[in-house]
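Hi everyone, thanks for coming. Let's look at a structure together and take it slowly, one piece at a time.

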Amino acid sequence: MAETAQTQQVTFQLGEEIYGVDIMDVKEIVKVTPVRPIPNAPYYVEGIFNLRSEIIPVINLHRRFGIKKMAVDEDGMEFEGGFIILNIDGMKAGIVIDRVARVVTIEKDEIKPPPQMISGIGTEYISGVVRRDSSYLIMLDIRKIFSAKELQKIMNGGVESEEE
């Protein structure tokens with residue numbers, strides 16, 4: 001199968017920047033839901049929530065990357081935020097976002113390698129950067145942000161497993 005010359009990214013705002021994740025890794029986008037904290041979880045784990053009888057860990061990228069959360073937009077309206085539910089090698093996880101932007105199609109030749117440091121995020125988490133209008137889209141590599149093994153550890157460390 002020939003590799004396509006395009007990729008689709010679900011884009012979202014975290015702080016002042018626009019980020020994107022591959023649309024094939026996104027299961028769905030949900031509104032903010034109450035999250036239950038997990039004892040002894042890493043600092044960037046917000047907790048867990050129940051999505052249609054499935055327990056989903058929620059990762060706070062603001063904390064993980066040291067990004068200040070946006071409280072209001074340029075019109076003074078409060079952000080409602082939400083979660084993007086990702087499917088990472090068979091494990092589901094939610095990431096906290098300030099606002100969903102849109103789905104964009106990107107030509108692969110537009111993607112540039114990341115500079116050494118962007119808004120506190122190390123380049124190891126970035127698959128590329130794309131110039132969009134007057135700003136940049138930072139494409140995240142979710143498999144480097146957290147692996148399925150790490151998610152399993154979070155779930156096992158904070159949730160009693162039940163036999164089915």
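I'll begin with a sheet and then move on to some charged side chains. Please keep in mind that this is a predicted model.

So, in what order do the strands of the open sheet run? There are 5 strands, in the order S8-S1-S2-S12-S11, and their pairing is mixed. At the edges sit strand S8, residues 99-107, and strand S11, residues 126-132, each with a partner on one side only. From one strand to the next, the twist averages 30°.

Let's walk through two of the pairs. Strand S1, residues 6-14, runs antiparallel to strand S2, residues 17-22, and 6 bridges join them. Find Leu-14 on your screen, and you'll see it opposite Glu-17 in S2. S11 pairs with strand S12, residues 135-140, also in the antiparallel sense and over 6 bridges. Here Val-130 is opposite Leu-137 in S12. The hairpin of S11 and S12 has 2 residues between the strands, and Asp-133 takes a positive phi near 50° there.

Now for the charges. The structure has 9 salt bridges. One of them joins Glu-54 to Lys-92, with the closest N and O atoms 3.3 Å apart. Glu-54 is in strand S5, residues 54-59, while Lys-92 is in strand S7, so this pair links distant parts of the chain, 38 residues apart.

Is Lys-92 buried or exposed? Its relative accessible area is 19%, so Lys-92 counts as buried, the cut-off being under 20%. Its partner Glu-54, at 31%, is partly exposed. Among the residues that Lys-92 touches are Lys-27, Ile-56 and Pro-57.

Next, find Asp-98, in the loop between S7 and S8. Asp-98 is buried, at 1% relative accessibility. Which side chain does Asp-98 meet in a salt bridge? The answer is Lys-69, at 3.3 Å from N to O. Lys-69 lies in the loop between helix H1 and strand S6, so the pair ties together parts that are 29 residues apart in sequence. Unlike buried Asp-98, Lys-69 is partly exposed, at 48%. The side chain of Asp-98 also has a polar atom 2.6 Å from the backbone nitrogen of Gly-15.

Two last stops. Lys-144 forms a salt bridge with Asp-141, at 3.9 Å between the closest N and O atoms, and Lys-144 is exposed, at 53%. Finally, Asp-25, Asp-89 and Arg-143 are linked in a network of salt bridges. Thanks for listening!

Terms used: Residues are numbered from 1 along each chain as its sequence is written. This is a predicted model: local features need pLDDT of at least 70, side-chain atom pairs count only at pLDDT 80 or more; totals for chains, interfaces and linings use all residues. Side-chain values use heavy atoms; hydrogens and water are left out. Two strands pair if DSSP finds at least two bridges between them. Helices (H or I, at least four residues) and strands (E, at least two) are DSSP runs, numbered from the N terminus. Axes are lines fitted to C-alpha atoms, for helices over the stretch in contact, and angles run from 0 to 180 degrees between N-to-C directions. Buried means under 20% relative accessible area, exposed over 50%, partly exposed in between (1.4 Å probe, protein chains only). Contact means heavy atoms within 4.5 Å. A polar contact is a pair of N or O atoms within 3.5 Å; within protein, one must be able to donate a hydrogen and the other to accept it, and residues adjacent in sequence count only if both atoms are side-chain atoms. A salt bridge is a side-chain nitrogen of Lys or Arg within 4 Å of a carboxyl oxygen of Asp or Glu. Lists of a residue's contacts leave out its neighbours within four places in sequence.
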